[in-house]
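Please take one part of this predicted model and look at it closely. I would like a single connected account of how two neighbouring elements are arranged.

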Amino acid sequence: MIIVMKQKATLADLSRVIRTLEERGFHPRPSHGATGTVIGVMDAAGDDLTDVALLPGVDQITPVSSKFKLVSRDFQSAPTVVNVGDVEIGGDEFVVMAGPCAVETRDQYLTTARHVAKSGGHILRGGAFKPRTSPYSFQGLGEEGLQIMAEARQETGLPIVTEVVSPSAVPLVARYADIMQIGARNMQNYALLEAVGEQRKPVLLKRGLMSTIEELLLAAEYLMSNGNNQVMLCERGIRTFERSTRNTLDLSAVPVIRESSHLPVIVDPSHAVGHVAYVADMARAAVAAGADGIMVETHPQPSMALSDGPQSLDFPAFVDLMESMRPIAEAVGRRMKVVGDRSD
Ligand code: PEP
Ligand code: MN
């Protein structure tokens, strides 16, 4: 159930409604939006709330019929804007998260971070704990990788996003990361979703390789129902019968999610297509489709990368992409900052 408070409801009205619900054993979750306050009572599905409806300040009580609730537009009609340092994700500006697949060396990472910052990127990506398909592939530098990312943040001023692969690693990754990433392979790792949900840190939740949009939204519901409302969703391609690309980028997920959820949507064209030749086109298509940002892999020497080299943009290609996205962003009502000197 969702309780919509009147615009002129006072704080005392709100407290009284919450107290009444708690006395009845429910777990109310107030949410303050631009158009007023609503209270989600997800454990009151079929209950009679007539007593609550009569309290001062209550405008109306509506049942939420969709399977997902807190992530739903029924619960919150205004888009969620996630603030990470100075960066707003889900606001007017189109946001670019970029960096190598994995942190390999201090030099490789800092060089990339400087280039991303200079080219107008907003957030630095990088994997310190890598969920690799083969146990024999490079697994990441672990905490040393996180330390290198923290140094890059210090130098460039850009926030960092990095993946956490297990519940036990959540406290460690949370100490370093500005945004905690849950990877495609872990989208339905419910213990991990609960552990990250308990953090008060922004989360980037990637769509599973074989997951429907509804399953993605239900995974986000785990994060939100555990108290974390700074959630961003990421479309990164799904597995289909098509083999010319690594996965099939489901760009229609962007408008579909935006219709049913208030959460920001990011597109990762790198993991979606898997070949550098297609990445920029799909990034531009993501801007046009209405995404709030992209996450893209870039590396100083893609041919030498320890992971995902074939899908990583070199630096000139990254600069070209940044420049080519701006007019598209503007055409769909978004801003992208103009960066002065991009020469290397
Ligand atoms: C990544 O972004 O580093 C990554 C491993 O992506 P995905 O989880 O989408 O495969
Ligand atoms: Mn990668």
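Q: Is the crossing of α10 and α11 left-handed or right-handed?

A: The crossing of α10 and α11 is right-handed (the near helix is turned clockwise from the far one by less than a right angle, whereas anticlockwise would be left-handed). The model is predicted, with local features needing pLDDT of at least 70 and side-chain atom pairs pLDDT 80 or more, while totals for chains, interfaces and linings use all residues. Residues are numbered from 1 along each chain as written, chains are lettered from A and ligands numbered from 1 in written order, and side-chain values use heavy atoms, without hydrogens or water.

Helix α10 covers residues 276-289 and helix α11 covers residues 315-331 (helices are DSSP runs of H or I with at least four residues, strands runs of E with at least two, numbered from the N terminus). Their axes lie 9 Å apart and make an angle of about 25° (axes are fitted to C-alpha atoms over the stretch in contact, and angles run from 0 to 180 degrees between N-to-C directions). The two helices are therefore roughly parallel to each other (under 35 degrees; over 145 is roughly antiparallel, 65 to 115 roughly perpendicular, the rest oblique).

On the α10 side, the contact (heavy atoms within 4.5 Å) is made by Ala 280, Ala 283, Arg 284, Val 287 and Ala 288. These meet Leu 321, Ser 324, Met 325, Ile 328 and Ala 329 of α11. By class, the contact has eight nonpolar, one polar and one charged residues (Ala, Val, Leu, Ile, Met, Phe, Trp, Tyr, Cys and Pro are nonpolar, Asp, Glu, Lys and Arg charged, the others, Gly among them, polar).

The loop between β14 and α11 holds Asp 308, which has a positive phi of about 55° although it is not a glycine. Asp 308 (OD) is also a protein donor of the manganese ion (ligand 2), together with Cys 101 (SG), His 271 (NE2) and Glu 297 (OE), lying 2.0 to 2.3 Å from the ion (donors are N, O and S atoms within 2.8 Å of the metal, or 3.2 Å for Na, K and Ca; with water absent, sites may look incomplete). In sequence, these donor residues are spaced C-x169-H-x25-E-x10-D. His 271 belongs to helix α9 (residues 269-273) and Glu 297 to strand β14 (residues 293-297), so this pair ties together parts that are 26 residues apart in sequence.

Glu 297 counts as buried at 1% relative accessibility (buried is under 20%, exposed over 50%, partly exposed in between, with a 1.4 Å probe and protein chains only). His 271, at 8%, counts as buried, and Asp 308 counts as buried at 18%.
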